[in-house]
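Reader: I am new to reading protein models. Could you take one part and go through it closely with me?

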Amino acid sequence: MLTTPKPFVLVGAAVAMSCAIASQAWADGPKPEAIAKLRQGFMQAQKFQVSHIAAVSKGKAEFTDETVQRAQNLANLALIIPDAFAVRSDKDTVEGANALAKAWDDAEGRNKLISRLQKETARLAQIAQERDSEALAAQFKRVGNVCKSCHDDYRKPNKKK
């Protein structure tokens, strides 16, 4: 029987990847390719958390303890985002990367968005603990708007099918 990974396992994996990158930095400096892989894995961990919260926000899933945990996981992951941009690893320096050079060239703008995401996800986790479905949906939209802003500004556009 196939089981879905527990949210804490994915957060743990993201933290472990971050620690691996950090420990490598002490030895010989993190490699851009490793940072790009960290960032891509990190985005997948975020996507996993978001999928459940989105379903709850749309009324397609029940608000459960899992919702609270996923919101907290998302807030925790937001704290790690600066590690994902520790070394320049944009699409021009790493094959297969989706980040644009602007993500490093406009560090001030990027860092403002990261700070906003950290605040909005912390608020999402707080609202989830209060178990207010309407407030959760509204706050989740705010989180999504920050994600969209960052992707619009700093990520290679997806090709339309």
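Author: What follows is a walk around the largest pocket and the helices that line it.

A word of caution comes first. This is a predicted model.

Start with the space itself. The largest pocket holds about 830 Å³. Its lining is made of 27 residues. Look for the centre of the pocket. The lining residues closest to that point are Met43, Gln46, Cys147, His151 and Arg155.

Now ask which elements build the wall. Helix 2 (32-57), helix 6 (107-130) and helix 7 (133-154) each give two or more residues to the lining. Helix 7 gives the largest share, with nine residues.

What is the wall like chemically? Sort the lining residues into three groups. Nonpolar residues number 16, seven are polar, and four are charged.

Take the wall helices in turn. Helix 2 is built from 26 residues. From its first C-alpha to its last, helix 2 reaches 36 Å. That is close to the 38 Å expected at 1.5 Å a residue. Just past the end of helix 2, look at glycine 59. Its phi is positive, at about 75 degrees.

Next come the pairs. Two packed helices are described by two values: the angle between their axes and the distance between those axes. Try this on helix 6 and helix 7. Their axes lie 9 Å apart, and the packing angle is about 160 degrees. An angle over 145 degrees counts as roughly antiparallel, so helix 6 is roughly antiparallel to helix 7. The crossing of helix 6 past helix 7 is left-handed.

Helix 6 has another partner to check. This is helix 3, residues 65-78. The axes of helix 3 and helix 6 come within 8 Å. They cross at roughly 160 degrees. Helix 3 and helix 6 are therefore roughly antiparallel to each other. Helix 3 also passes helix 6 in a left-handed crossing.

Put the picture together. Helix 6 helps to line the largest pocket. Helix 6 packs with helix 7, and helix 7 supplies the largest share of the pocket lining. Helix 6 also crosses helix 3.

Conventions: Residues are numbered from 1 along each chain as its sequence is written. This is a predicted model: local features need pLDDT of at least 70, side-chain atom pairs count only at pLDDT 80 or more; totals for chains, interfaces and linings use all residues. Side-chain values use heavy atoms; hydrogens and water are left out. On a 1 Å grid over the protein atoms alone, a cavity is a set of points where a 1.4 Å probe fits but cannot get out, and a pocket is an open set with protein on both sides within 12 Å along at least five of seven lines; lining residues have an atom within 4 Å of a point. Grid points are joined across faces, edges and corners, and a volume is the space filled by probe spheres set on the points. Helices (H or I, at least four residues) and strands (E, at least two) are DSSP runs, numbered from the N terminus. Ala, Val, Leu, Ile, Met, Phe, Trp, Tyr, Cys and Pro count as nonpolar, Asp, Glu, Lys and Arg as charged, and the others, Gly among them, as polar. The expected span of a helix is 1.5 Å times one less than its number of residues. Axes are lines fitted to C-alpha atoms, for helices over the stretch in contact, and angles run from 0 to 180 degrees between N-to-C directions. Angles under 35 degrees count as roughly parallel, over 145 as roughly antiparallel, 65 to 115 as roughly perpendicular and the rest as oblique. A crossing is left-handed if the near helix is turned anticlockwise from the far one by less than a right angle, and right-handed if clockwise.
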